[in-house]
Amino acid sequence: MKIDKDKINRLSPEDALPLMIRIKYFLFGREKPDGFTRITFTLSLFIWVLLTFWNAISYFVLLSSNIIEKNKGFSVQDIIRKNGVSHGFSGPEFLEALRHFYFINNFIWGLIFIGLVLMYRKKRSYPLFIFLGLAVHFGYMFWNLGFQYLVQDISFFDKICYAIFIFTIIIHSWLMNKEKGEREPIQENF
């Protein structure tokens, strides 16, 4: 198979636009939802991005802690072990529990993203994905790291983000179900 180098050299950023548009249509569909849904989706997506990237960065730091120690001269693992002792863990046990928690959460946030896509498409099943993802997230946190982790190690900003996220999803799903219930004709049995 011969590769045409001239064709590759003539590629520009605009050539990727059709692919990006197809991906957008695949994920979000061709129809735009109402304004309230778009605002709720945008706010929820912003919070999702913040929490997901914070989780991914934390996991990356745990994986690259040896490199950080070699280049910066301090041990991330020692700091985490000391923090784990204050939570009632042995040092290495907390480090492994935290590593597993961040790894599993990468997939949980993916499940929540599916719920957000379904929200944009105004599917009634979207709260199931979001609340199931959040239930697994918090359940795994309590089971693996303990309630004390939520109280001490989750920042106030993150707690506010969780609260806004949950509140907006509850309000939106309630209003959407109320709207869809009003639009559906009442079927009478004769």
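**Reading the helical chain through its side chains**

Reader: Is Phe101 buried or exposed in this structure?

Author: Phe101 is buried, with a relative accessible area of 3%. The word buried denotes a relative accessible area under 20%, exposed one over 50%, and partly exposed the range in between (1.4 Å probe, protein chains only). The model is predicted: local features need pLDDT of at least 70 and side-chain atom pairs count only at pLDDT 80 or more, while totals for chains, interfaces and linings use all residues. Residues are numbered from 1 along each chain as its sequence is written, and side-chain values use heavy atoms, with hydrogens and water left out.

Reader: Which elements make up the chain?

Author: Helices (H or I, at least four residues) and strands (E, at least two) are DSSP runs, numbered from the N terminus. The chain holds 9 helices and 0 strands, and its elements follow the order α-α-α-α-α-α-α-α-α from the N terminus. Of its 190 residues, 35% are buried.

Reader: How is a pair of aromatic rings read, and how many pairs are counted here?

Author: A pair of aromatic rings is described by the distance of the centres and the angle of the planes. Rings of Phe, Tyr and Trp (its six-membered ring) pair if their centres lie within 6.5 Å; planes under 30 degrees apart are stacked, over 60 edge-to-face, and the rest tilted. This rule yields 14 aromatic pairs. In one of them, Phe101 and Tyr102 have ring centres 5.7 Å apart and planes at 50°, so the pair is tilted. Tyr102 is buried, at 11% relative accessible area. The rings of Phe101 and Tyr140 have centres 6.2 Å apart and planes at 15°, so this pair is stacked. Because Phe101 lies in helix α6 (residues 91-120) and Tyr140 in helix α7, the pair ties together parts 39 residues apart in sequence. Phe101, Tyr102 and Tyr140 belong to one aromatic cluster, which also includes Phe89, Phe94, Trp143 and Tyr149.

Reader: What is the span of helix α7, and which of its residues are buried?

Author: The expected span of a helix is 1.5 Å times one less than its number of residues. Helix α7 (residues 126-145) has 20 residues and reaches 28 Å from its first C-alpha to its last, close to the 28 Å expected. Its buried residues include Tyr126, Ile130, His137, Phe138, Tyr140 and Leu145. Just after α7, Gly146 adopts a positive phi of about 95°.

Reader: How many salt bridges are there, and where is Lys122?

Author: A salt bridge is a side-chain nitrogen of Lys or Arg within 4 Å of a carboxyl oxygen of Asp or Glu. The count comes to 4 salt bridges. One of them joins the side chains of Lys122 and Asp34 (2.6 Å, N to O). This pair links distant parts of the chain, 88 residues apart: Lys122 is in the loop between α6 and α7, and Asp34 in the loop between α2 (17-28) and α3. Lys122 is buried, at 12% relative accessibility, whereas Asp34 is partly exposed, at 31%. Both residues are linked with Glu179 in a network of salt bridges.

Reader: Which residues form a salt bridge within helix α6?

Author: An α-helix has 3.6 residues a turn, so residues three or four places apart point the same way. Glu96 forms a salt bridge with Arg99, their closest N and O atoms being 2.4 Å apart. Both lie in helix α6, 3 residues apart, about one turn of the helix. Glu96 is partly exposed, with a relative accessible area of 35%.
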